[in-house]
Amino acid sequence: MKRSRAGIADVADWRNLMAAFGRAALGKRGRADVEAYRCNLDAELTALREGLLRGDYPVGQMRRFTIRDPKPRVIHAPCFRERVLHHALIAQMGPRMDLALVNDVYACRVGKGSHEAVKRVQHHARRWPYYAQIDIRQYFPSVDHRVLLHLIDRKFSDHDLLALVRDILAAHQDAPGKGLPIGALTSQNFANLYLADADRRVTQHPASRGYARYMDDLIWWGETRTDVRAVLADLRPLVEAMLKLEIKRPVRIGRSRDGVSFCGYRVFADRLLLSRRRKARFAEARREAEAAFARGDLSAGDLQSRMDAALAITAGAEATAWRRAQLARVPLAPMVVEA
């Protein structure tokens, strides 16, 4: 496939920058940095455009913090100016990178997502008796910049565009020449592309009968245990030698009828159950919302919105009795009355 001609001039196009600002600001109305940018929009976008065309727009300004999801994760959130840049860049690069992915990649893609991934996993679990599942140890911190730039160079020909990508990658390193910052739009798209060759290696293997990937969680099916092991044996050199990643051990190999853990669900052919991890996420989201309401930081309406978002974490699973038990532990009604 020919390399895309999308270049830095397309990224710096005024209409592209205006649209990028709109996407970056979506859902962030009222934030001081967003409103400051909005009040000075023409000057900000002019500076961004001119900096892109000169090749000296500053990158790497990020806010660092830690979340539990449920294990601790270090997030590097770009400042708002850089978020606009990232949206402008991915608007031009994203569609071309998306073409490199097989259909059964579900993270950070329009029309996909975790729920669609779980549906696909259940579909394959109904059809095929055995599966193998791998994930990558410290995936984002382990992405090799030279390998990633080679993959991107195969897709794009504009030297200035590639120079901007190099600058963005160089601005964050977990180790020399390695790492993508969790929390950046560019990271999500680059991380998806990084495993595209692994996707094709699995799906094109003659013993592979079904496949799904959500970021660095890969799962495939076969008719026998030997079949799924054969796919693994073919995949491992690509992942470990060429992509310079480490597959977590032990690799999970089992029968579909015993259930598959994927994207926070325990997936069976005839039902979906919540995993312990997803239950923990719901409990944490609920505790935070109730504590904010008790402090007076949330209105009753805001609390309801937060609870709707928390309940969405459990959507699709057979968990009605569990949800009722959770809501009965600390009823909200007395808190609302007291407020």
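Before I describe the sheet, let me say that two strands are taken as paired if DSSP finds at least two bridges between them, and please keep in mind that what we are looking at is a predicted model.

With that in hand, we can turn to a sheet of three strands, which is open, follows the order β7-β8-β9, and has antiparallel pairing. The strands at its edges are β7, covering 260-262, and β9, covering 272-274, and each of these pairs on one side only. From one strand to the next, the twist averages 30 degrees.

If we look at how β7 is held to β8, which covers residues 265-267, we find three bridges between these two antiparallel strands, and to give one position, Phe262 has Tyr265 in β8 as its bridge partner. Packed on the sheet is helix α6, residues 114-127, which touches β7, β8 and β9 and whose direction makes about 20 degrees with that of β8.

Let me now move to the second largest pocket, which holds about 260 Å³ of space. Which helix gives the largest share of its lining? That is α5, with five residues, and both α5, at 80-99, and α10, at 185-194, supply at least two residues each. Among the lining residues you can find Ile90, Met97 and Asp98, together with Cys108, Arg109, Asn189 and Leu193. Taken by character, the residues of this lining divide into seven nonpolar, three polar and two charged.

Notes
Residues are numbered from 1 along each chain as its sequence is written. This is a predicted model: local features need pLDDT of at least 70, side-chain atom pairs count only at pLDDT 80 or more; totals for chains, interfaces and linings use all residues. Side-chain values use heavy atoms; hydrogens and water are left out. Helices (H or I, at least four residues) and strands (E, at least two) are DSSP runs, numbered from the N terminus. Axes are lines fitted to C-alpha atoms, for helices over the stretch in contact, and angles run from 0 to 180 degrees between N-to-C directions. Contact means heavy atoms within 4.5 Å. On a 1 Å grid over the protein atoms alone, a cavity is a set of points where a 1.4 Å probe fits but cannot get out, and a pocket is an open set with protein on both sides within 12 Å along at least five of seven lines; lining residues have an atom within 4 Å of a point. Grid points are joined across faces, edges and corners, and a volume is the space filled by probe spheres set on the points. Ala, Val, Leu, Ile, Met, Phe, Trp, Tyr, Cys and Pro count as nonpolar, Asp, Glu, Lys and Arg as charged, and the others, Gly among them, as polar.
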